[in-house]
Amino acid sequence: MSDTEQVMQDRAEISKLIAAQFRALCWDEETAPDTQALAAAYLPGAQLFASARPAQAQTAETFGTRMKALRDSGKITVFEEKGVGLHIWVAGNVAVAMAGCEMHENRSEVTEDLSAFLLVKNPSGWAIAAQAWDILPSISNAFSASGLTADRFEV
């Protein structure tokens, strides 16, 4: 397999992993978030940094528990993420990905966030080593400012 073919294969695997991670956090009145699928995308001990500042590290399990509690308490009864842009850079066994999403809460409020992923390739495949995200006024504008396009992707 050529280097280009390997990078294309790695990018496809990473794209699938990130989409599954976002999909695990989609829920409604009938379906709970899949916190096990969420945590499975991360290496043990991986750190996540939400948009709140000052930055505080949390595990995927802690984050999943917090998101599930938002649903169970009735604060956010419906949560859906829609992919707005995904850019993946692969170099050997490491990769960085930037993923923009629209977050739809309770079928009314829409916000946009940008997640930065650090990924590593293990013998079993790609895994997320760390993630940080922020709420932005426009993913399209943020990508455009860096010369990137914000093409929709399936979650």
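Leaving aside its neighbours within four places in sequence, which residues is Asn106 in contact with? I will start there, and the answer is Lys75, Ile76, Thr77 and Val78, where contact means heavy atoms within 4.5 Å.

Before going on, I should say that this is a predicted model, in which local features need pLDDT of at least 70 and side-chain atom pairs count only at pLDDT 80 or more, while totals for chains, interfaces and linings use all residues. Residues are numbered from 1 along each chain as its sequence is written, and side-chain values use heavy atoms, with hydrogens and water left out.

Back to Asn106, which sits in the loop between β4 (94-105) and β5 (109-122); helices (H or I, at least four residues) and strands (E, at least two) are DSSP runs, numbered from the N terminus. A polar atom of the Asn106 side chain lies 3.1 Å from the backbone oxygen of Lys75. Asn106 counts as partly exposed because its relative accessibility is 32%, given that buried means under 20% relative accessible area, exposed over 50%, and partly exposed in between, with a 1.4 Å probe and protein chains only. Asn106 is also 9.9 Å from Glu29, C-alpha to C-alpha, although the two are 77 residues apart in sequence.

Glu29 brings us to the salt bridges, of which the structure holds 5; a salt bridge is a side-chain nitrogen of Lys or Arg within 4 Å of a carboxyl oxygen of Asp or Glu. Glu29 forms one with Arg107, and their closest N and O atoms are 2.9 Å apart. Because Glu29 lies in the loop between α1 and α2 (35-40) and Arg107 in the loop between β4 and β5, this pair ties together parts that are 78 residues apart in sequence. Glu29 is partly exposed at 44% relative accessibility, whereas Arg107 is exposed at 61%.

Another salt bridge joins the side chains of Asp10 and Lys121, at 2.9 Å from N to O. Asp10 is in helix α1 (residues 3-24) and Lys121 is in strand β5, so the pair ties together parts 111 residues apart in sequence. Asp10 is buried, with a relative accessible area of 2%, while Lys121 is partly exposed at 26%.

In helix α3 (residues 60-72), Asp72 and Lys68 lie 4 residues apart, about one turn of the helix, and their side chains meet in a salt bridge of 2.8 Å, N to O. Salt bridges that share partners join Lys68, Arg71 and Asp72 into one network.

Let me turn to the cysteines. A disulfide is a covalent bond between the sulfur atoms of two cysteines, and here it is taken as a pair of cysteine sulfur atoms within 2.5 Å. Why is Cys26 not bonded to Cys101? The Cys101 sulfur is the closest cysteine sulfur to that of Cys26, but at 8.3 Å it is too far for a bond. A search of the whole structure finds 0 disulfides. Cys101 is buried, at 0% relative accessibility.

Finally, consider Gln131 in strand β6 (residues 125-136), which is buried, with a relative accessible area of 4%. Leaving aside neighbours within four places in sequence, Gln131 is in contact with several residues, among them Gln21, Tyr42, Phe49 and Phe117.

Conventions. A polar contact is a pair of N or O atoms within 3.5 Å; within protein, one must be able to donate a hydrogen and the other to accept it, and residues adjacent in sequence count only if both atoms are side-chain atoms.
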